[in-house]
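Open the model in a viewer and keep the sequence panel visible. The tour goes from the whole chain to one helix pair and then to one residue.

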Amino acid sequence: MSQTVSGLPIGRGLLYLIVAGTAWGTAGAVASLAYRSSDLGPVALSFWRCAAGLVLLLAARRLRPRVRNAVAEPPRRKVLRIGVTGVGLAVFQTAYFAAVAATGLAVATVVTLGAGPVLIALGARLTLGERLGRGGILAVAGALAGLGVLMLGGGDATVRPWGVLLGLVSAAGCCVMTLLTRRWGGDAGADAFGTSVGAFAVTSLCLLPFALSEGLVPHTAQPALLLGLLVYIAAVPTALAYALYFAAAVVVRPATVSVIMLLEPVSATVLAVTLLGERLTPATLVGTLLMLGSVAGLAAAEARGAVRQEEPVPA
């Protein structure tokens, strides 16, 4: 299987993205339980998520062997890359939570996750010269259609311009983070753990003043439950998922990354049905199948492209 400068096979990168997208989808259900059991606000939750994830990654890094990059990255560019990635992550998370508050979960999710693949595909074409191809365009269209059906097919939605704008800002933050990881991370063979640690540190610093104004320490009658929820959200959909994401985003095309990440609302929908008692409507089922089909199609196309790159050129 084809490998890149980072040494990660593309097939494994696709698996990393699938695991990351699925893990991110559990964060919404955990956040809902945290909100029900305490007065924790969304910005404070996002801060604790990144700060605790940073601590877990630092602890994990001490237990793993040091990996030397195949190509030394200039220190100034490394600082710039990690700084911009951390700011992009802070914008992505905070603007999304603000969009949910402004215009509701359904519209905010449609705008953020729906605009993400479009912005990333355009950005990759303009900055990296990457093309989707006819199959990729169909896959993105199918994913966007599935996302719209999944989020809007089950109920009423109120669209507020300010919330839509915040959703677009969130999508732009995700776009910058993905394109920068692909462009500079691929050139330098960047360490995914190092990128995650640096990005979480920057994000935590960006969110801290807003979390303090919102209320950093929550009040709860169930401290053990809340602590367990915070540990889970820091460990699985944060430390683990973002480490896998940053490793995979170096080797997988940005447009493919953005569509596979749409597994997040799919896994969130499954949890909503199985754990939170929400009803699985025909629209939900159709939207989920459309998105899963698009993800499978793009993953297969990416894998075929990796095999073609590996095949020797006839003399």
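A contact here means heavy atoms within 4.5 Å. Among contacts between residues at least 6 apart in sequence, 90% join residues at least 24 apart. The model is predicted: local features need pLDDT of at least 70, side-chain atom pairs count only at pLDDT 80 or more, and totals for chains, interfaces and linings use all residues. Residues are numbered from 1 along each chain as its sequence is written, and side-chain values use heavy atoms, with hydrogens and water left out.

Select the whole protein and show it as a cartoon. It has eleven helices and zero strands (DSSP runs numbered from the N terminus: H or I of at least four residues for helices, E of at least two for strands). Switch to a surface: about 14900 Å² is exposed, and carbon and sulfur atoms supply 68% of that (Shrake-Rupley method, 1.4 Å probe). Of the 315 residues, 49% are buried, meaning under 20% relative accessible area with a 1.4 Å probe, protein chains only.

Next, select residues 10-37 (helix α1) and 223-249 (helix α8): their axes come within 8 Å and cross at roughly 155°. Axes are lines fitted to C-alpha atoms over the stretch in contact, with angles from 0 to 180 degrees between N-to-C directions. α1 is therefore roughly antiparallel to α8 (over 145 degrees).

Finally, select S196, in helix α7 (residues 192-214). What does S196 touch, not counting residues up to four places away in sequence? The neighbours are L57, Y242, A243 and F246. S196 counts as buried because its relative accessibility is 0%.

Terms used: Angles under 35 degrees count as roughly parallel, over 145 as roughly antiparallel, 65 to 115 as roughly perpendicular and the rest as oblique. Buried means under 20% relative accessible area, exposed over 50%, partly exposed in between (1.4 Å probe, protein chains only).
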